[in-house]
Amino acid sequence: MPVQPIKFYQSGSFVVGNRLLDPDQRSVQADPNRTNSLNSGHRACQGCGEALGARYALDAAMRATNNQLIAVNATGCLEVFSTPYPETSWQIPWLHSLFGNAPAVSTGVAAALKAKGRTDVRVVGQGGDGGTVDIGFACLSGMFERNDDVLYICYDNEAYMNTGVQRSGSTPPAATTMTTQAVGPEPGNRFGQGKNVPLIAMAHEIPYVATATVADLRDLEYKVRRAMEFRGARYLHVFVPCPLGWGTASCDTIRIARLAVHTGLFPVFEAEHGEVVDVTRIPRQVPVAEYLRPQRRYRHLFGASPRPDVVARIQQIADRNIRRFGLLAAEPAPTAQEAP
Amino acid sequence: MELPFAITLDVGSSLANHTGSWRTERPVYVNRLAPCNQACPAGEDIQGWLYDAEDGGYRAAWERIMADNPFPAIMGRICYRPCQTACNRGTLDEAVGINSVERFLGDEAIRSGWTVPVDAEPTGRRVLVVGAGPAGLSTAYHLTRLGHQVTVRDAGDKPGGMMRYGIPKYRLPREVLDAEVGRILDLGVRLELGQRVDDVLAARDEGGFDAVFLAVGAQIGHRAYIPAGDSARILDAVSLLRDVADGEPPQLGRRVVVYGGGNTAMDAARSAKRLGATDAVVVYRRTQDRMPAHPSELAEALAEGVVVRWLSTISQADSGTVLVEKMRLDETGFPQPTGEFEELQADTVVLALGQDVDSSLLAAAPGVAVDAGRVTVGTDLMTGAPGIFAGGDMVPADRTVTTAVGHGRLAARHIDAWLRGVRYQPAPVLPLATFEALHTHYYADAPRTVRPRLDDARRTTGFEEIVGGLDEETALFEARRCLSCGNCFECDNCYGMCPDNAVIKLGPGNRYAFDYDYCKGCGICVAECPCGAIVMEPEET
Ligand SMILES: Cc1cc2nc3c(=O)[nH]c(=O)nc-3n(C[C@H](O)[C@H](O)[C@H](O)COP(=O)(O)OP(=O)(O)OC[C@H]3O[C@@H](n4cnc5c(N)ncnc54)[C@H](O)[C@@H]3O)c2cc1C
Ligand SMILES: Cc1ncc(C[n+]2csc(CCOP(=O)(O)OP(=O)(O)O)c2C)c(N)n1
Ligand code: SF4
Ligand SMILES: [Mg+2]
């Protein structure tokens with residue numbers, strides 16, 4: 001169990017804080033003195049999962065590093081909504097560079113710190129899925145391959161949101177974006193394309209790779225803390241719903257992320273040195289339609305001319321994930337060999 | 001400040017950007033009425049005292065019960081727990097064992113000698129309470145805490161009413177009853193025993209009382225005509241139980257037939273077993289689903305070997321036998337005779353066909369109405385005679401200790417207001433915290449704890465208490481199963497999950513506030529509040 005289990009049943013065992021727990025067992029977000037790395041007044045949309053995920057991750061990283069942290073940011077919503085010159089929401093040392101080079105800039109910062117002998121100061125690189133999976137990918141792979149001492153965090157909202165919702169290598173099949181319209185026999189994004197960067201990161205055999213979502217704060221905080229226990233290249237892939245790009249209600253951000261996990265569409269796991277060491281089990285598998293239906297980007301699969309065949313293909317993806325990662329509570333955890 | 005090369009402006013904070021102006025709806029913290037609280041006839045704040053108990057605040061929890069109900073240890077034994085039937089957790093796994101936590105708190109208070117203060121200044125007003133059952137004692141307790149001087153007058157030798165002379169001690173040990181009644185008397189209530197009141201107005205005027213509360217109960221066993229031979233032995237259940245309570249149980253013989261289907265019938269049959277009857281047969285004219293006895297009472301009786309003859313009436317009683325006629329239910333669910341008879345062995349027949357009210361003490365009071373044997377009262381529990389209030393079994397309502405206690409609480413507030421020449425205004429009722437208002441995803445599965453029970457063999461040999469109490473650990477576990485329906489329990493979900501840091505944490509016990517300068521109105525806090533304590537409201541424009 002990655003997250004310390006709460007040993008007794010009590011009101012709201014899975015909530016953010018809990019007055020019945022000792023303060024050191026509570027989440028970072030429950031702490032009235034948390035860093036609030038990303039402060040109020042930022043211009044993210046109502047209910048933005050990325051803004052929430054970034055504060056979760058960086059506040060946890062601040063606590064894990066004793067506030068000795070520098071963050072490097074790729075262009076994307078996270079940068080644009082937080083820092084319109086000369087204002088910023090960041091309450092931590094923070095550097096912006098370009099859309100495609102955040103991993104390389106992070107490497108540079110880490111190298112500079114090393115040269116200065118400041119091994120106490122740690123580096124986080126971060127960006128959206130476009131900046132990570134697509135344009136920044138060569139820099140990222142290089143950072144992994146050199147095993148540079150950086151935790152890179154990708155906030156995956158499954159498209160280029162900042163420029164108006166274009167497809168990325170992380171956009172899921174059948175989803176509509178401005179560049180994958182609901183037309184033709186295979187409406188929306190194509191099946192069989194895109195890439196799974198957590199698995200690619202594992203193939204680099206870096207010390208630590210993990211996935212997380214904004215629906216499980218304690219798990220996310222644990223993974224940041226755990227990542228900071230390693231030196232070398234580490235990768236955290238955080239699933240962050242985007243109400244604007246996905247066409248979901250702003251209040252549904254957490255619920256949608258929870259459904260992505262409970263359907264099996266977004267496997268939550270962690271891996272050390274290329275091997276899966278733990279997965280988050282699904283208490284009860286939810287059919288993918290429950291996840292897809294509330295999202296306008298999948299509207300063409302339902303309604304007047306529904307596409308149950310497409311929904312069935314998405315269900316197959318979920319079922320495969322469940323098999324592959326051993327996500328169901330009853331199934332045994334995958335052994336090192338079987339793991340993806 | 002000197003700016004670096006190519007920089008023309010200082011770094012500013014985004015706090016300058018008041019994103020609250022984007023909002024079209026605003027989140028607002030609310031309290032809703034927990035279903036347990038709604039269901040409690042005694043008006044307890046159950047959700048509130050479970051919250052106190054959850055972190056080990058047993059004394060605070062007990063005091064919160066005592067604000068409404070002076071009998072936590074009694075309640076924890078004999079209340080029929082409508083709260084648990086209503087509990088939202090029942091939809092999730094199993095209802096919270098509210099009653100067993102209440103008992104733990106009540107027993108803890110007795111063990112530790114906890115008391116409550118009378119904080120009110122003496123008012124100098126005097127109130128007469130007639131009847132020292134739960135309704136009368138509860139009224140006396142609350143009136144005393146409000147500063148009035150109360151005299152309780154009862155015809156019996158000991159206080160408690162049906163709690164002493166009806167409910168057998170295997171369900172309510174007398175030490176518990178004495179402890180909780182004694183605590184009320186210690187507040188300064190004057191108790192006059194062995195004094196039957198025959199004319200309420202005379203009693204009021206002779207004693208110079210400013211108001212009267214009547215709680216004489218329903219003490220007379222209802223008689224039904226049964227053709228009976230001279231040597232047939234027929235008792236009524238109320239007298240039987242009273243004699244048992246007095247320590248003078250009658251000889252019943254080996255085979256006892258109890259006629260009736262209520263809780264009194266169950267207690268009579270179970271007591272008969274304990275008095276040595278080998279057969280205790282309950283004869284009831286309808287079917288199990290229509291039986292007025294509480295299902296738990298029936299289950300306990302059956303577990304002790306009591307047998308029930310459903311759809312049966314007694315048509316004749318003779319020495320050693322009764323003739324039973326089989327019934328069938330008609331379309332309206334009413335039992336109809338079938339003409340089929342059967343003989344049962346019976347050394348004694350016990351009639352448990354309900355109890356009637358003796359309202360003769362009101363005969364001389366003008367304006368008092370009696371309907372279907374019960375004294376008519378208004379919502380303020382006042383009879384037609386000004387200043388004469390009534391409650392408990394003698395008025396139309398459920399006949400339970402809990403209802404009687406609730407009447408006492410309500411009557412005390414109305415009497416207090418009446419004495420001051422005003423009308424008591426109850427607080428407005430909050431909207432109900434329905435199961436749909438909760439987000440139960442945040443609660444761990446937790447089946448409920450079962451209280452230890454005497455094994456069946458040991459049960460019927462004596463009047464020892466059957467159901468044990470919970471130890472502290474299990475009581476705490478049980479309290480923590482509460483979902484806190486409709487009332488913030490400071491879980492930090494809103495504080496932690498706001499993408500805009502627009503929730504201010506006010507510290508333990510003080511909950512949260514919204515920072516409307518930055519709240520964009522996304523509604524995540526509403527959607528993720530486990531207990532339904534936040535709602536969205538349209539923004540005023
Ligand atoms: C066998 C049995 C089992 C029960 N089990 C349960 C149970 O498990 N749970 C539950 O909630 N309820 C139970 N009940 C019901 C419950 O006991 C009654 O509803 C409750 O006691 C009614 O309270 P009361 O104060 O109105 O009247 P009572 O308890 O009947 O008290 C009335 C008091 O008034 C006195 N009195 C009467 N007339 C006069 C007079 N003229 N002058 C002076 N004093 C007078 C009596 O002596 C008595 O003390 C049971 C009842 C019986 C009979
Ligand atoms: C080289 C380059 N190409 C294009 C852009 C324009 N641009 C800025 S952000 C962005 C997309 C960002 O998408 P993603 O990384 O997924 O972040 P998101 O906004 O979705 O969080 C693009 C195309 C740019 N800044 N630089
Ligand atoms: S869960 Fe708690 S607050 Fe809700 S109904 Fe049950 S006891 Fe009452
Ligand atoms: Mg993106």
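Helices are DSSP runs of H or I with at least four residues, numbered from the N terminus. The exercises below use a predicted model.

**Exercise 1. Describe the surroundings of ligand 2 and state which helix gives the most to its shell.**

Step 1. Start with the neighbours. The shell around ligand 2 holds 16 residues, and those that come nearest are Cys77(A), Gly130(A), Gly131(A), Ala159(A) and Met161(A).

Step 2. Look for backbone contacts. An oxygen atom of ligand 2 lies 2.8 Å from a backbone N or O atom of Gly130(A). For Gly131(A), a polar backbone atom is 2.8 Å from an oxygen atom of the ligand. Met161(A) places a backbone N or O atom 2.9 Å from an oxygen atom of ligand 2. The ligand taken alone exposes 590 Å², of which the protein buries 73%.

Step 3. Assign the helix. Helix α4 of chain A, residues 129-134, gives the most to this shell, with three residues.

Step 4. Sort by class. Six residues of the shell are nonpolar, eight are polar and two are charged.

**Exercise 2. Identify the protein donors of the magnesium ion (ligand 4) and decide whether Asn157(A) is buried or exposed.**

Step 1. List the donors. They are Asp129(A) through OD, Asn157(A) through OD1 and Ala159(A) through O, at 2.0 to 2.1 Å from the ion.

Step 2. Read their spacing along the chain. The donors follow the pattern D-x27-N-x1-A.

Step 3. Apply the cut-off. A residue counts as buried under 20% relative accessible area. Asn157(A) has 5%, so it is buried. Ala159(A) has 4%, so it is buried too.

Step 4. Link this site to the previous exercise. Ala159(A), a donor of the magnesium ion, is also one of the residues that come nearest to ligand 2.

**Exercise 3. Work out where ligand 1 lies with respect to domain 2 and domain 3 of chain B.**

Step 1. Take the neighbours. Ligand 1 is surrounded by 36 residues, and the closest are Ile78(B), Asp154(B), Arg171(B), Gln219(B) and Asp393(B).

Step 2. Find the backbone contacts. Backbone N or O atoms of Ala135(B) and Val401(B) approach oxygen atoms of the ligand, at 3.0 Å for Ala135(B) and 2.8 Å for Val401(B). A nitrogen atom of ligand 1 lies 3.0 Å from a backbone N or O atom of Ala155(B). Of the 990 Å² that ligand 1 exposes when taken alone, the protein buries 96%.

Step 3. Name the elements. Those giving two or more residues to the shell are α8 (134-145), α13 (263-274) and α15 (401-419) of chain B. The most comes from α15(B), with three residues.

Step 4. Count by class. The shell has 15 nonpolar, 13 polar and eight charged residues.

Step 5. Conclude. Domain 2 (126-220 + 356-419) and domain 3 (225-352) of chain B both give residues to the shell, so ligand 1 lies between them.

**Exercise 4. State how many residues of each class, nonpolar, polar and charged, make up the shell around ligand 3.**

Step 1. Gather the neighbours. Among them are Cys36(B), Cys87(B), Cys482(B) and Cys485(B), along with Gln47(B), Asn88(B) and Ser484(B). The elements of chain B that give two or more residues are α1 (35-39) and α2 (46-54).

Step 2. Count. Nine residues are nonpolar, three are polar and none is charged.

Definitions and conventions:
Residues numbered from 1 in each chain as written. Chains lettered and ligands numbered in written order. Predicted model: local features only at pLDDT ≥ 70, side-chain atom pairs only at ≥ 80, totals over all residues. Heavy atoms only, no water. Near = heavy atom within 4 Å. Polar contact = N/O pair within 3.5 Å; in protein donor to acceptor, adjacent residues only side chain to side chain. Areas by Shrake-Rupley, 256 points an atom, 1.4 Å probe, with all protein chains shown as cover. Nonpolar A, V, L, I, M, F, W, Y, C, P; charged D, E, K, R; others polar. Domains from an automatic or database assignment. Donors = N, O, S within 2.8 Å, 3.2 Å for Na, K, Ca; no water. Buried < 20%, exposed > 50% of the residue type's maximum accessible area, 1.4 Å probe, protein only.
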